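I opened the notebook today to look up how the chains of this assembly are divided, where they touch, and how some of the helices pack. The entries below keep to what I could look up.

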Amino acid sequence: MNKGKFLAGLDAGHVNTKAVIMREQEILGYCTVPTGFDVVAAAQTALNDASDNAGISRGELGGIVATGIFNDMIKVPPLNATGTVPEYMADAKGALFLNKNSRTVIDVGGNIHKAVCYDQKGDLVDVVQNDKCADGLGIFYTTMAKALGLSEQEMTELALKSTKNLSIAIQCALSAESDAIDLMCQGTDIADVADAVSKFIAERVADMCTYMSLTKEIVVAGGLAKSQAIVKHLQSLIRQDVSVLTHPEYVGAIGAVIGYGGVK
Amino acid sequence: MKKSSEAIIEEFRHITENTHEYAKSLQGKGRLLAGYMCTHVPEEILYAAGIIPVRILSAHESQAMTRSYIHETYCTFSHDCAYQGLQHNYDYLDLIVHSSSCIHMGEAFNVWVRFAGFQHKSFLITYPHIIHTKHASEIMVESYGEFKQFIEEFAKKSITDDDIERAIKVYNQTRRLLKRLWEFLRRGNPPVAGREVAAVTLAAQVMDKQECNQMLEQLIQRLEAEPGKEPSGVRLMVTGGACDDMRIFDLIENLNYSTNLIFTDSCTAARYFWFEVPEDRPDKLEAIAEGYISRIPCPAKDNVPGTGEKKRFRFIRQFIEDYKPDGVVFVYQRFCSPQSMDIVALKPILDMLGIPWTELELDTTVPISLFGTQLEALVEIIKRVAP
Amino acid sequence: MSEYASINEQLDWKKAEVIAAGVDSGAVSSKAVILLDGQPYAFSQIRTRMPKESAFSAINGALAKTDLELKNIHYLVATGRGRTQVPFARETISEIACGAAGAVRIWGPSVRTVLDAGGESCKVIHCTEKGRATAFLWNDKCAAGIGRYMETFADLVQKEVHEIGNIALQSEQFPKLSDFCAVYAQSEALDSIRSEVPLEQVIAAYHYAMAKRISTLVARSGLKKDFVIIGGLAKNPGIIDWLESILNVSRLATKPEWDPTLTVALGAALFADTFYRRT
């Protein structure tokens, strides 16, 4: 097997580090690992596990392309990334690769969310990122799932069953949590609480989207895109159709490989 | 058939829950409508021109649109009012009038003017921030003169002194009637509940005052004939900022203990009507200015130059003396600086008077278990509950 | 947060005149305390999921260690945010009154100021020597969730929540994080990690910021000695030490026989005891 053909994309974020193994246009394996404190260790684990999933050994990798907020820690030994791609570009290239008709990606991650508009080549047209008060939506979602005693999958399934459309304060995760707890203490059905939490997240993301014109087609990426309840609310709030990319949390890692020019 | 007091109160409450429907019915009768956000607007001048002032209220639902228009850390009330405009919920208004109050509401007004289609149907009245001086009155009279001129052009009719005097008398009648209504709550067991009086007062702010006066007169007549029915519980007085969410007042009277809401000092309650405009004066605009300056001041306007005294506090002390609350509930919007600063100064006064208090921080929704706990804790302190 | 249940095996409930219990339905944990003639007999603490179901789990957890049944309890008082969701409670009392009562019972009549630093909220309670609450200040919304966020923060840095308090004390120097808001502080902490600040320093910085936030609540409310701290954060030495240092006050030390998180449930049980005796 030609050694140079396997490339790893690595997206080290605040909460999770994502690795993807690609050869040309094919995604062979991927893995997500909590970033924790030791980014390099997380990256190593992610790369090792992704390589295993791809059925190759680490040694067969032609190179690592890094993106994400911690990419500067990956450039240096021991990881020695071949190159780095800025996050916005990685998002654009990755989203375009996964959906050729897309022109806007809304990436809802662990701590940060952003929206990127791009052209048919995946070159940047416009970008917007959340304001500081809306940090930590992904972290908040995980915390609330734990508080409700649910897995994230259960959270979204329950949320979709709610018909109440309850409001909770949307200023930030703290206010939302405070109100969500209050609902629980009033004896509100857990499905309605799960839905209110999902709607809060969607509202903050939608709020960010009001700062920029979104070009069709709009796709959603990032860990929270896996919640159908959040996506449903988002679509209704921005009043435009959205679709969720396959491998939504790997868009950055995939885009790093594509953006680096590793795939001709 | 004579309507019962409950039926009349229900009519008022229905209006607060269906403000757009009510407003449109007035338009249906050929009336012009002017929206206003803060109570510094001299409604009499509008009324004199045949325009009905309608207060803009918030919807208490979370919304995701206003943060690109108004800063994150502006109060929810301002965000919500701005949102109502952006959502075109008030498009039917013929005019929106604002009188400079605080920066948060000022921005909400700006949103309506610049982004919600009210550019050509809006007017901003200059209202000084330091009102406790002679110059304030002069500025206001001049400002009101400009406003009157604008309204005359807008309504295409001239406003005579008689028109204004008539409006002053109608509005003063509303004020007296509302005062009379709240005064029922001074009694040990009143014929009406505080939460009901709060709802009636809110309705008055969106109604045609003549119609409102008729209903108020009927209601007060019924209540005067009725025996006290509300049980005597712990007497709680509310003081603070704009609060148009009746669920808070419902909660105050629906705790695990018997409680009575006996007074509310806020711009959606007593500060709206607890004054009169001098009648039968030769200079009508001067009379209106004098009346509006004599009101219980909004904290954003309450600063006596040189001494830094707060005139609002005198009123609050008088209300405490007259209404004899067992406890005080501070109610204010999160991020409202003027209210918070007043509260800092009011707490030592209450401590000195030996009156326990608690603070409820208003946001989009009413966190019933949180507010309920704080209120019940306050009642337990008042009742000296201990094992 | 550790879940547990235990009993004082030296007592025999069958010989007790008054069996009183308190359940504290908190946002993060639910606690139950059972008293026999005013003496602590059984307690438990479990994670709160839905308040009603967790209240049952808490009381059953305490009962499970004994052969006592719920129906043998003469009087039960529920407190905490979820107290209206406890169907088997005879009466409810706010956690303010219960916190005051419990604190004086544990630490004695010298207590005048109680800081309840719990999972979802912080409150400062002023009380008399008899444990009657006279005033309180509840945190504003911007200071909500400090307790729970400590757990979230521990997860993010991949430590146990009971470890990070001690780790926080290991550094004398650390960066400054926003001390107004836990969302900002957490975000800035994560960014500090990116800037390769050592983990111990990031943990110390976060604790200092949160202690500062809580201290402003205490300062606004006023502090009269003796001062005690109850609730989950009372067991976090990072928060406590910094709080004492910022406020320049020493709290009374935790009593070995009383987990400070049980103080409010104890207060509820004391109320139950009194209410039963009055009937």
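The entries go through the domains, the contacts between chains, and then the helices.

**Entry 1, domains of chain C.** I note at the outset that I am working with a predicted model. I looked up the domain assignment of chain C and found domain 1, made of 4–98 + 259–278, and domain 2, which covers 111–251. Taken over C-alpha atoms, the centres of domain 1 of chain C and domain 2 of chain C are separated by 27 Å. I then looked at where these domains touch, and found 10 residues of domain 1 of chain C in contact with 16 residues of domain 2 of chain C. On the domain 1 side of that contact, helix H2 (95–107) and helix H8 (263–278) of chain C each supply at least two residues. By class, I recorded 6 nonpolar and 4 polar residues on this side of domain 1 of chain C, with no charged ones.

**Entry 2, domains of chain A.** I looked up chain A in the same manner, and its assignment gives domain 1 (3–87 + 251–260) and domain 2 (100–244). The C-alpha centres of domain 1 and domain 2 of chain A lie 26 Å apart, and the contact takes 5 residues of domain 1 and 10 residues of domain 2 of chain A. The side of domain 1 of chain A that touches domain 2 divides into 2 nonpolar and 3 polar residues, and I found no charged residues there.

**Entry 3, chain C against chain A.** I turned next to the contact of chain C with chain A, to which each of the two chains gives 26 residues. On the chain C side, the elements giving two or more residues are helix H1 (51–64), H3 and helix H5 (182–194) of chain C. Which element gives the largest share of this side? I found that H5(C) does, with 8 residues. The side of chain C that touches chain A has 12 nonpolar residues, together with 7 polar and 7 charged.

**Entry 4, chain C against chain B.** Here I counted 22 residues from chain C and 17 residues from chain B in the contact. H2, strand E9 (133–138) and H8 of chain C each supply at least two residues of the side of chain C that touches chain B, and the largest share of that side, 5 residues, comes from E9(C). This side of chain C divides into 10 nonpolar, 5 polar and 7 charged residues.

**Entry 5, a buried face in chain C.** I looked at helix H4 (residues 161–168) of chain C, whose buried residues are Ile164(C), Gly165(C), Ile167(C) and Ala168(C). Seen down the axis of H4(C), these buried residues fall within an arc of 165°, so they line one face of the helix. The face of H4(C) turned away from the buried side carries Glu163(C) and Asn166(C), which are exposed. Among what covers the buried residues of H4(C), I noted helix H3 (146–156), helix H6 (199–221) and helix H7 (237–247) of chain C.

**Entry 6, a helix pair in chain B.** I finished with helix H1 (residues 5–17) and helix H9 (residues 209–225) of chain B, whose axes come within 9 Å and cross at roughly 145°. The crossing of H1(B) and H9(B) is left-handed. H1(B) contributes Ser5(B), Ile8(B), Ile9(B), Glu11(B) and Phe12(B) to the contact, while H9(B) contributes Met215(B), Gln218(B), Leu219(B), Arg222(B) and Leu223(B). I sorted the residues of this contact into 6 nonpolar, 2 polar and 2 charged.

Definitions and conventions. Residues numbered from 1 in each chain as written. Chains lettered and ligands numbered in written order. Predicted model: local features only at pLDDT ≥ 70, side-chain atom pairs only at ≥ 80, totals over all residues. Domains from an automatic or database assignment. Contact = placed C-beta atoms within 7 Å. Helix = DSSP H or I, 4+ residues; strand = E, 2+ residues; numbered from the N terminus. Nonpolar A, V, L, I, M, F, W, Y, C, P; charged D, E, K, R; others polar. Axes fitted to C-alpha atoms, helices over the stretch in contact; angles between N-to-C directions. Left-handed = near helix turned anticlockwise from the far one by under 90°. Buried ≥ 20, exposed ≤ 12 C-beta atoms within 10 Å, placed from the backbone. Arc of directions from axis to C-beta.
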